[in-house]
Each structure stands twice: as C-alpha cells, then as structure tokens.
Amino acid sequence: MKRLQLSQGGGGEEMDSLIRDLFYRHFSNDILLLSEDAAVLEINGKIAFTTDSYTVTPLFFNGGDIGKIAVAGTLNDLAMMGARPLYLSCAFIIEEGLSYEVLERIVLSMKDELSHSGAKIVCGDTKVVPKGSVDQLFINTSGIGEIVLEGLSAHNIQEDDIIIVSRDIGTHGATILASREGIDLESALCSDCATLWPAVEALIGENIGIRAMRDATRGGVAAVLNEWAVASDVCIEIEEQTVEVCDEVRGICELLGMEPFEFANEGTFILAIHPSDAKRAIEILHRFNMCANASIIGKVTRHKAKRVILKSPWGSSRYLERPKGELLPRIC
Amino acid sequence: MQDDKALFDIFRHPQTIRALSHKIHQEALKLSQPLKIMEVCGGHTHTIMKYGLKQLLPQMIEFIHGPGCPVCIMPKERIDQAIALARMSDTILLTLGDMIRVPGSQSSLVQERANGYDIRPLYSPMDALKIARENPTKNVIFFAIGFETTTPMTAAVILRADQENLHNLYFHINHVLVPPAVCAIMDDSQNRIDAFIGPSHVSVITGSQIYEPIAKRYGTPVVVSGFEPVDVMEGILKIIGQKNENRSEVEVQYSRAVTQGGNHKAQAMIDETMSVRENFRWRGLGDIAHSALRLRDEYAHFDAEVVFSQVLSYEPIDDHKLCICGSILKGLAKPIECTVFGTACTPNSPLGSCMVSSEGSCNAYYRYGSAL
C-alpha cells in the first residue's frame, strides 16, 4: 500500500509530484494551475471571507468524510452571509504514513462537493508531519464569496420574526458519536453534511426577507439560537414538537441522556425570516432534497430578552441553554 | 426503530400529561396541608425541570431534591484520590460521564487530563476490559461510581476480569446505597419530607422492597416511578392518593420493569464481589454508616484502595464555605437560595458538586430555568 512519507511535504521533487498527481489533477482550474505564490482573483463589489479547520474522527462516516465537510463547511459559512461562494484555499496537514488511497478518496470527495456550488480551490498548501503530530489528517479551508444579499446579521433579528430550521436536526453529531463509540444501529443514520448554497441562492433569488441565517454546526441549534437571542437582545420561543428529530437521533439521545439541540449539524441551517415571507420560504426550501422537511419552529418575542424558551406540547416551558463543556453520556 | 419509539412517545403524550395534571389538581384539593415530596434521584429532578412539570402542578405540591446523584455526593477527598491515582506513572484512569468535571480540592480530572495524564470517560463500564487488554503494560484503574443501578455493571466487569486473569485492571469502588442516605435525611430533625418518589432504575435491580422499612418507620408513602413525564405525574398522583387515604406504603408506578424482589442475578453478582463499608462520607451529608460498598477481601488484588494505598489520603476536605450543596442535598434549601448560584458558581466553573452533573439540582435549575 502506498503511504505518505515525510519527503512528500519537504518542498522537493516528491512534494511536487504529490501536488501535481493528486491536487492539481482533481482540483484543476486555470488559477490553481498557474501555480503562483498567491492566486490573483477578480471580484466585484463586497466580499465575504471565512476560514475553518477540520478535524474529525473517523475520517469517513456515513454521509460524508473530512474532505466533504472541509468544502461544504466553509462554503456554508459564506452562504450564511448571503455570499455566492467563489474561491477556496485548501491546506492539508498529513500524518506520515497516511494511506495515499485514503487521501485520494478524500480529494475526490472534495472535488465532488465543489460541483454543487461551482466554487474553485485556487491555492493550497501541503505539509506531511511525523507520526503522532496530528491524527491522520487535518484540513484547513478559507473561502471568499461575493455578497449577493447584504445586511444579514445575527444582530438584525426583530420581534415577530419567524424562525425556520432547514431539516431534522442532530444527524451529523449522532452519526459521529455512534461511529466513535461503536453504537450499532439497525437503520442507516446518516450525516446531513451538504452544501447549502443552492437553497440559499433560491431564497435570495425570490426576494425572501431574510434577517439572519446560520448553519448549526458545533453547539447545534441550541448554540445558534442563544447567540441570536443575545446578539439581537430578543427572546426566541421554540415550539418543541415542531422541531423534527429522526428516530435514530432520538434513540441515541435517549440512550445517552443527550439533547438533539446540542448535536452538531453540517448541512442544516436556521433562518430568521420576516413574518410575511415565512410560508413562501418554506415552500422554496421544500424544493431541495436537503431541506425536504424544513419547518417553522418558533418566533421572536420580547418575553425574556437574551433567552431561548422551549415550549412543550403540554403547556410548560423551559430555557434552552447553550451547550456547556464536552458532551458526556449520563451515568445511569 | 418504530417499536422502540413507542417506548418513550406514549410516556410523553401531551393529552395524557394534561389529563394527569387535571386529575392531580382535583385530588390535591382534598389535601389538608402542603405536600413536600422528595424525588430521591437526580434523574427525576432532571425530568421535573426538563419537562417543566412543576408548572403543571398545584402550589400545594413542593419538590425537595434529594441526594441521588452519584457525582454530587462524591466528597472532595475521593476525587483527590482519583487524581492521585491518575498521576501515577503508566496509569490509565477510567470513570463515567460528568465525574471527570467535578472539582476536588485543587483540581479536577478534566484539568488533569489537560495536564497530560491519561484519563478517559467511558460510555460503558465493559470498555474497561478492552482498555486493560489493549494496554497490558499500564495500570488501568476504573473509578467506579453510582448507586445500585450501576453497581451490577461494575460487578460484571470484576467477575469478567477475574475469569480472564487480567492483572492490570483495578477498581476504586465508590458505589453507594439509596436507603441509608434516605434514612440519614429523615433522621435529621430539620427534615420536612412527607413522601418520596423512588427511582425506577434502582428498583429494577433491588426491587421495591428496599423502601418498605422506610415507609413503615417514617410513615411516608414511597412511589417507585419511571423517568418519563407521564411516569412522574402518575407517581405524584399515587402519592396524593395515599395521603388522602391516610396510607403510607410502597407502591410501584413503574410496573413495566420493577418487581418487589428485583433482579436476583444482579444482586448475586454484587454480593459475590462487594460488601458493605462500615462508613462512607457523603458530600453534604457527612458520614453515613453502612451506606456504601467496597470490594470483598477475596478480590483485594483488584482493589485500587488496597494496591495503591500509599498514594491515597482519606483526610476529609470540606466544601467551599459559600456552597450550600449540603443543605440542598438534604432538601433544606433550594439552589436559588444559594448566594453564589449562577454567579460565582456555574456549570462552567462549579464551586459545588450539585452544579456539575446534569443530574445535580443546581445544574438542572441553571439549565432549564427555575424562574420561568
């Protein structure tokens, strides 16, 4: 089996052939192939710029892999700011001994994910570090997008705005947890990992009054809603029974004493929408497979500023707090 | 999965919960005085707060949150013992869930892990066997915690380790018992408790029988209930029923899994491997005789308290002077009565143990909002 060696990150001939045979071959585009010290880009108007580093164990999981997340995650951060994703940088930090075949599968997965938005990887970096310095593979991607819809902000949310979630929640976190801890499920629990730009583009194209959008990654839906409540100094009231959670995720949460609201997602976003546009937004989202069960989950009020309140179907309510500490299973 | 879903969906059925609330309101009218119910177990505190059940009950019903949270009752000196064990060379320390976050006198296991020591929270105690097999040159120490519910798992691991002749797996046993703690609270002249909700998972192992002496001696109804909202509401209704009929008996609401005698096989495994300690110091409650378990002498070669006794101190360490976890665990105070609740003491930087575990009452009040 071909394995990555230290020399392939050393700047010499071996690194050069790794870059050409693998990265240039699969990420091929005019800007990247120029192979200059920096990519030269032409962009009109305002841009959005973001970066994220990706580490995930296991590298491959049901519904995705580290490469797919590294592309979708950064593109999603651009999309959430109303920006059409255009360019990405991509840096690999590879542990000596990683199988070449594994790296190629990941690169191919990134190539495939890029096709959903048309964004290009235009510059990159490769390091191979001694065994034990990283866990198999870390990827950093930074992204640039052109702002199509200005003014989206967590600080923008107003009383009576409607809160929408784009699909059932918690599948990515539950998938990773189940595969790490060897929880075997009979049915196929699958990460939601996906590029959200096509759905966002449609919403913007139809002039939906979007105040804010955020993908509910680490910290889950609970983190996003709390950040919004604080940033906009409002209360967000959620009707618990309207938040869809698939049976597998519910099962894992019941088993381990965890909350689906705290599980990470990689292709689920939350929207705060002007009340008159909420129904139309749902109709548009339903055209996309990845948003097939988008639903209205609550609204913005003045009840308790800076807090998120979860209302039960039997008439009681409680705070939904930001997740704290590591997610640990209950003891009994 | 469909059938499994039915396992909890029917116990969170909105109409059923509303109907129980209505019935409780009706029955409570017949009560001659307010009813103070102690939910012994932190899991029930969690259910009450998470599902907002207090909001569905009449003012006459007051909950007093009991000591049944294995993390909350762990005295600092025993956490320091876990840390001392973890700091030994070539050692892997294993424990469960929130235990790694509880502060000892100087540090916590999570802090020690950041300092480079090998400390791992387990999802299942059985994983201890695998870790011991995979690390034959290390001392693997399981810091075992929990009430009667989790004790059989530890016993099963000990028996398996014995069968496999594992020479590098050790146990630091902190398993505690519900009835002695309940008696300690009731024997305190300040206690104000009229009835108990007993945890179903404890009684799945022990049977409902363990509460019979308590119901008799203190004249308090005990209803063994499940952890779903419908279970807790039905348990409360049964308690009110007993009060209105002047009964004080042990009743089982969770009849789907609890019998009077419990799980005899699990009891036999515990009995084979462990015996009752003369004394155990509980955080907040102090010394309680015969309230915890230790490894039997036949298994002393597995006992971390015997094998590594040279690194362990038993000097009692008191809680922070502003922390009122002791009064909370006895049901004498509510978390919001504590001056440092939510200010100097939060889940991120807990002063007291009740703020640490998701089953601790301070943590539940903080998370779910007592003020709503």
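Me: What makes both faces of β6(B) count as covered?

Reply: On one side stand Leu169(B), Phe171(B), Ile173(B) and His175(B); on the other stand Tyr170(B), His172(B) and Asn174(B); all are buried. Buried means that 20 or more other C-beta atoms lie within 10 Å of a residue's own (exposed: 12 or fewer; partly exposed: in between; C-beta atoms are placed from the backbone). In a regular strand, side chains alternate between the two faces of the sheet. The model is predicted: local features need pLDDT of at least 70, side-chain atom pairs count only at pLDDT 80 or more, and totals for chains, interfaces and linings use all residues. Residues are numbered from 1 along each chain as its sequence is written, while chains are lettered from A and ligands numbered from 1 in the order in which they are written.

Me: Why is strand β6 of chain B called mostly covered?

Reply: The strand runs over residues 169–175, and seven of its seven residues are buried. A strand here is a DSSP run of E with at least two residues; a helix is a run of H or I with at least four; both are numbered from the N terminus.

Me: How do you know that β5 and β6 of chain B pair?

Reply: Seven bridges join β5(B), residues 139–146, to β6(B). Pairing takes at least two DSSP bridges between two strands, so the criterion is met. The two strands run parallel. Val140(B) stands opposite Leu169(B).

Me: What makes chain B as compact as a globular protein of its length?

Reply: Chain B holds 15 helices and 13 strands. Its radius of gyration is 21 Å, and the globule rule gives 21 Å for 372 residues, so the verdict follows. That radius is taken over C-alpha atoms, and the rule is 2.2 Å times the number of residues to the power 0.38. The C-alpha trace spans about 65 × 45 × 45 Å along its principal axes. In chain B, 53% of the residues count as buried.

Me: Why does the radius of chain A agree with a compact globule?

Reply: For 332 residues the expected radius is near 20 Å, and chain A has 21 Å. Its C-alpha trace spans about 65 × 55 × 30 Å along the principal axes. Nine helices and 13 strands make up its secondary structure. Of its residues, 48% count as buried. Contacts between residues at least 6 apart in sequence join residues at least 24 apart in 87% of cases. Contact means C-beta atoms, placed from the backbone, within 7 Å.

Me: What makes β1 and β5 of chain A edge strands?

Reply: Each pairs on one side only. They belong to an open sheet of four strands in the order β1-β6-β4-β5, with mixed pairing. Neighbouring strands are turned by 15 degrees against each other on average, direction ignored. β4(A), residues 83–95, pairs with β5(A) in the parallel sense over nine bridges. One of the bridge partners in β5(A) is Asp125(A), matched with Ala91(A).

Me: How do you know that α3(A) and α4(A) pack, and at what angle?

Reply: Their axes lie 7 Å apart, at an angle of about 30 degrees. Axes are lines fitted to C-alpha atoms, for helices over the stretch in contact, and angles run from 0 to 180 degrees between N-to-C directions. Among the residues that meet are Ile66(A), Val71(A) and Ala72(A) of α3(A), with Ile106(A), Met110(A) and Leu114(A) of α4(A). The contact divides into eight nonpolar, two polar and two charged residues. Nonpolar covers Ala, Val, Leu, Ile, Met, Phe, Trp, Tyr, Cys and Pro; charged covers Asp, Glu, Lys and Arg; the others, Gly among them, are polar.

Me: Which element gives the most to the side of chain A that touches chain B?

Reply: α8(A) does, with four residues. In total, 23 residues of chain A contact 34 residues of chain B. By class, the chain A side has seven nonpolar, eight polar and eight charged residues.

Me: Why is Asp160(A) called exposed?

Reply: Asp160(A) has 12 other C-beta atoms within 10 Å, so it meets the limit for exposed. Its phi is near 80 degrees, a positive value in a residue other than glycine. Most residues other than glycine have a negative phi, and most peptide bonds are trans. Asp160(A) lies in the loop between β6(A) and β7(A).

Me: What makes Lys306(A) partly exposed?

Reply: Lys306(A) has 14 C-beta neighbours inside 10 Å, so it falls between the two limits. Phi of Lys306(A) is also positive, near 70 degrees.

Me: How do you know that the Thr57(A) to Pro58(A) bond is cis?

Reply: Its omega is near 0 degrees. Pro58(A) sits in the loop between β1(A) and β2(A).

How values were computed:
Contact = placed C-beta atoms within 7 Å.
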